[in-house]
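Visitor: I would like to learn how to read a model like this one, feature by feature. Could you walk me through it?

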Amino acid sequence: LFHRFEQADTSTTRQHAGTGLGLVISRHLAQMMGGEVGVESEKGIGSTFWFTACLRPGKPTQQNNNHACVPSACQRLLDRHRGCRVLLAEDNIINQEVARALLEQAGLRVDIANNGLEAVAMAKETAYRLILMDLQMPEMDGLEATRQLRALPDLAAVPILAMTANAFDDDRERCFEVGMNDHIGKPVAPEVLYSTLLSWLDKVASSGWHTAYP
């Protein structure tokens, strides 16, 4: 249960997502804190998962009131990039709804592709300021979709950010190898999402490459 799950079919046309990483990540986090994880299970009764961790007492900190004067990343997105059009490639309906709500809260216009094939087709037809790309999708996964997008001269500069539960170092490396610019882990922390989007949309704005696009 606590070992990484490998799909028997690793092709880009695999119909069902799911990477079996939840317990692996939990064990990794527990081990980073000097602990371990385990499970006690009895048929017909149920299962109890447990973890241990070695923690040191923390010291109380005084909140810096100056932070109240600093606009949040979400507010800065609203101020600087309201109305920018982004593409979200995601096959899970619940994840689509959550991501759309977060992005629209920051003033962004969102189009959704249900798989990599749709993402490539939509990016060819519409000039997006940024693309958020899941990795595990049916028909075509996020890695292959990114390869195809990077092969198109007009899309060489558009930021493509992985937004996925695949959080291990080798997963990140695969994202960068195919031409992705950054990695946002799931479950998505709103402030991390907004800060990352702000950084890349600021770079797009300063580069001026998008000036001919809506």
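Guide: Gladly! Let us begin with a term: a polar contact is a pair of N or O atoms within 3.5 Å, where one must be able to donate a hydrogen and the other to accept it. Please keep in mind throughout that this is a predicted model.

Visitor: How far from the backbone oxygen of valine 192 is a polar atom of the side chain of threonine 196?

Guide: The two atoms are 2.8 Å apart. Threonine 196 belongs to helix α7, and its relative accessible area of 13% makes it buried, since buried means under 20%. Setting aside neighbours within four places in sequence, threonine 196 touches Leu161, Asp182 and Ile184.

Visitor: Let me step back for the overall layout. How many helices and strands are there?

Guide: The protein chain has 7 helices and 7 strands. Their order along the sequence is α-β-β-α-β-α-β-α-β-α-β-α-β-α. The chain has 214 residues, of which 37% count as buried. Among contacts with a separation of 6 or more, 60% are between residues 24 or more positions apart.

Visitor: And what does the outside look like? Which atoms supply 53% of the exposed area?

Guide: Carbon and sulfur atoms do, out of about 12,600 Å² exposed by the protein chain. For a local example, look at the nonpolar surface patch of about 570 Å² formed by Leu29, Met32, Met33, Phe51 and Leu55. One of its members, methionine 33, sits in the loop between α1 (22–32) and β1 (37–42). Methionine 33 counts as partly exposed because its relative accessibility is 35%.

Visitor: How should I read a helix that has a buried side? Which residues of α5 are buried?

Guide: In α5 (142–150), the buried residues are Gly142, Leu143, Ala145, Thr146 and Leu149. Viewed down the axis of α5, these residues fall within an arc of 160°, so they line one face of the helix. Their packing partners are α4 (116–125), β5, β6 (160–164) and α6 (169–177). At the start of α5, a side-chain oxygen of aspartate 141 also comes to within 3.3 Å of the backbone nitrogen of leucine 143.

Visitor: Now to charges. What is the general idea behind a salt bridge, and how many does this structure hold?

Guide: Side chains of opposite charge can pair when their charged atoms come close. This structure holds 7 salt bridges. A pair within one helix is glutamate 144 with arginine 147, whose closest N and O atoms are 3.1 Å apart. Because they are 3 residues apart in helix α5, about one helical turn separates glutamate 144 from arginine 147. Glutamate 144 is partly exposed at 22% relative accessible area, and arginine 147 is partly exposed at 42%.

Visitor: Which salt bridge has its partners in helices α7 and α2?

Guide: Aspartate 202 and arginine 80 meet in a salt bridge with an N to O distance of 2.6 Å. This pair connects distant parts of the chain, with aspartate 202 in helix α7 and arginine 80 in helix α2 (residues 73–81), 122 residues apart. Aspartate 202 has 25% relative accessibility and is partly exposed, as is arginine 80 at 46%.

Visitor: What does aspartate 134 pair with?

Guide: Aspartate 134 forms a salt bridge with lysine 186, and their closest N and O atoms are 3.5 Å apart. Here too distant parts are linked: aspartate 134 is in the loop between β5 and α5, lysine 186 is in the loop between β7 and α7, and their positions lie 52 residues apart in sequence number. Aspartate 134 counts as buried, at 6% relative accessibility. Glu90, Asp134 and Lys186 are linked in a network of salt bridges.

Visitor: Finally, how do I read unusual backbone geometry?

Guide: Most residues other than glycine have a negative phi, and most peptide bonds are trans. In this model, a cis peptide bond joins lysine 186 and proline 187, with omega about 0°. Proline 187 lies in the loop between β7 (182–185) and α7 (190–207).

Visitor: And where is glutamate 139, and what is its phi?

Guide: Glutamate 139 is in the loop between β5 (130–133) and α5. Its phi is near 70°, a positive value in a residue other than glycine. With 34% relative accessibility, glutamate 139 counts as partly exposed.

How values were computed
Residues numbered from 1 in each chain as written. Predicted model: local features only at pLDDT ≥ 70, side-chain atom pairs only at ≥ 80, totals over all residues. Heavy atoms only, no water. Patch = residues over 30% accessible without salt bridge, like charges linked within 9 Å, V, L, I, M, F, W, Y side chains within 5 Å. Areas by Shrake-Rupley, 256 points an atom, 1.4 Å probe, with all protein chains shown as cover. Salt bridge = Lys/Arg side-chain N within 4 Å of Asp/Glu carboxyl O. Helix = DSSP H or I, 4+ residues; strand = E, 2+ residues; numbered from the N terminus. Buried < 20%, exposed > 50% of the residue type's maximum accessible area, 1.4 Å probe, protein only. Arc of directions from axis to C-beta. Contact = heavy atoms within 4.5 Å.
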